[in-house]
Amino acid sequence: MAVVGHPVKHSLSPPMHNAAIEALAETDHRFKNWTYYKFDIEPDRLQEALPKFHARGFLGINLTVPHKIIATQFVSIGEKEVELSGACNTLLKSENGYTGFNTDLYGMTQAIETEFSIHLKNREVILLGAGGAARAAAIACAQAGVNKLTLANRTLSKLDTIIESLEKLEDKPTVKTCQLPGNLPFDSDAPLVINATSLGLNPNDPAPADLSQFPSSTLVFDMIYNPAQTTLLKQAEARGMLTANGLGMLVFQGERSLQIWSNTDPSTAIMLKAVRAGLKSF
Ligand code: NAP
């Protein structure tokens, strides 16, 4: 397996998956020959790279920034979440190519509900971003029963695709849009703010939004896990808000990727233990 991105050098997926694979190999010999690599590939070379991975026998690929959206053109669709979000982060080798899945939806929902001990159902969410991660997050929010969703992005027109996807769902939240940076609207006592922009990947990046008008009961989830605390999370914590970074999401989406590649459904607890062992080991 491998993670493919540009850049990719700071990805924690290789050490996480390799240690998870080692832990799984103790009880299942199929994992003994598995190894997880990383490759830095520019977006305009992804199309020619995929057949090369296939020819060399790569069973699974994880896609990260900026490949999740463009990759959907080059793979078969493995689940409706890929169609709805227009993005995929997990590819499984098939006879003639790769089949695309999106484990970010599961990863984000599980991470938010576990780390904040909340249910997304009936909550108000303010979602920052309109890239592959934000598209997945918007569909995941709708599937989890979020009732009010504000979509905010620097480039307002990029929100259109997300709105069109949400329109296809039977149960959809009330949607507002907002341009970043700008005053984000909120109605409820404890809204959830999700950062799915890449602003924060550089430790010197400013926060993508100003939360000074939000109540201290606001929950703030940043998908970025490296650096562990972005400017957005620092500012939120200083205002007494509960925060979580993207490490939990990395673990949960990785767990589901491993399930797809191994075609097994080991109990979540076993898989999670293996993936968490992977993260602790470096
Ligand atoms: P992407 O497709 O490249 O989208 C980038 C987003 O960030 C766009 O909305 C873009 O706005 C915005 N952005 C970039 N630079 C900005 C700036 N200077 N000011 C304001 N907005 C800016 O990336 P992605 O795949 O969606 O990933 C987004 C983030 O989520 C990344 O940091 C990634 O590491 C993280 N992520 C984490 C996990 C996890 O497991 N924890 C999983 C998935 C993603 P425009 O549309 O205006 O360009």
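Where is the place of Asn122? Select that residue to start the tour, bearing in mind that the model on the screen is predicted: Asn122 sits in the loop between α4 and β7. Its backbone deserves a look, since the phi of Asn122 is near 65°, a positive value in a residue other than glycine. With a relative accessibility of 53%, Asn122 counts as exposed.

Stay in that loop and select Ser117, which is likewise found between α4 (104–115) and β7 (124–128). Ser117 is not a glycine either, yet its phi is positive, at about 50°, and the residue is exposed, with a relative accessible area of 65%. As background for both stops, most residues other than glycine have a negative phi, and most peptide bonds are trans.

The second half of that background leads to the next two selections. Select His6 and Pro7, which are joined by a cis peptide bond with an omega of about 5°; Pro7 belongs to the loop that runs between β1 (2–5) and α1 (13–25). Then select Asn226 and Pro227, where a cis peptide bond is again found, here with an omega of about 10°. Pro227 lies in the loop between β11 (219–222) and α7 (231–238), and α7 is the next element to display.

Within α7, select Leu232, Leu233 and Ala236, which are buried. Why do they lie on the same side of α7? They cover an arc of only 95° around the axis, and this puts them on the same side of the helix. In general, an α-helix has 3.6 residues a turn, so residues three or four places apart point the same way. To see what covers the buried residues of α7, add the strands β10 (192–195), β11 and β12 (242–244), which are included in that cover. After α7, select Gly240, which follows the helix and has a positive phi, near 80°.

The last part of the tour concerns charged side chains, for the structure holds 8 salt bridges. Begin with Lys68 and Asp104, which form a salt bridge whose closest N and O atoms are 2.7 Å apart. Lys68 lies in the loop between β3 (60–63) and β4 (76–77), whereas Asp104 is in helix α4, so the pair ties together parts that are 36 residues apart in sequence. How buried or exposed are the two partners? Lys68 counts as buried, at 16% relative accessibility, and Asp104 is buried as well, with a relative accessible area of 5%.

Next, select Glu81 and Lys80, whose side chains meet in a salt bridge with an N to O distance of 3.6 Å. Here the partners fall into separate classes, because Glu81, at 15% relative accessibility, counts as buried, while Lys80, at 51%, counts as exposed; the cut-offs behind these words are under 20% for buried and over 50% for exposed.

Move on to Arg30 and Asp28, where the side chains meet in a salt bridge at 3.0 Å, again taken from N to O. Arg30 counts as partly exposed, at 33% relative accessibility.

For the final selection, take Arg45, Glu48 and Lys52 together: these three residues are linked in a network of salt bridges.

Conventions. Residues are numbered from 1 along each chain as its sequence is written. This is a predicted model: local features need pLDDT of at least 70, side-chain atom pairs count only at pLDDT 80 or more; totals for chains, interfaces and linings use all residues. Side-chain values use heavy atoms; hydrogens and water are left out. Helices (H or I, at least four residues) and strands (E, at least two) are DSSP runs, numbered from the N terminus. Buried means under 20% relative accessible area, exposed over 50%, partly exposed in between (1.4 Å probe, protein chains only). The arc is that of the directions from the helix axis to the C-beta atoms. Contact means heavy atoms within 4.5 Å. A salt bridge is a side-chain nitrogen of Lys or Arg within 4 Å of a carboxyl oxygen of Asp or Glu.
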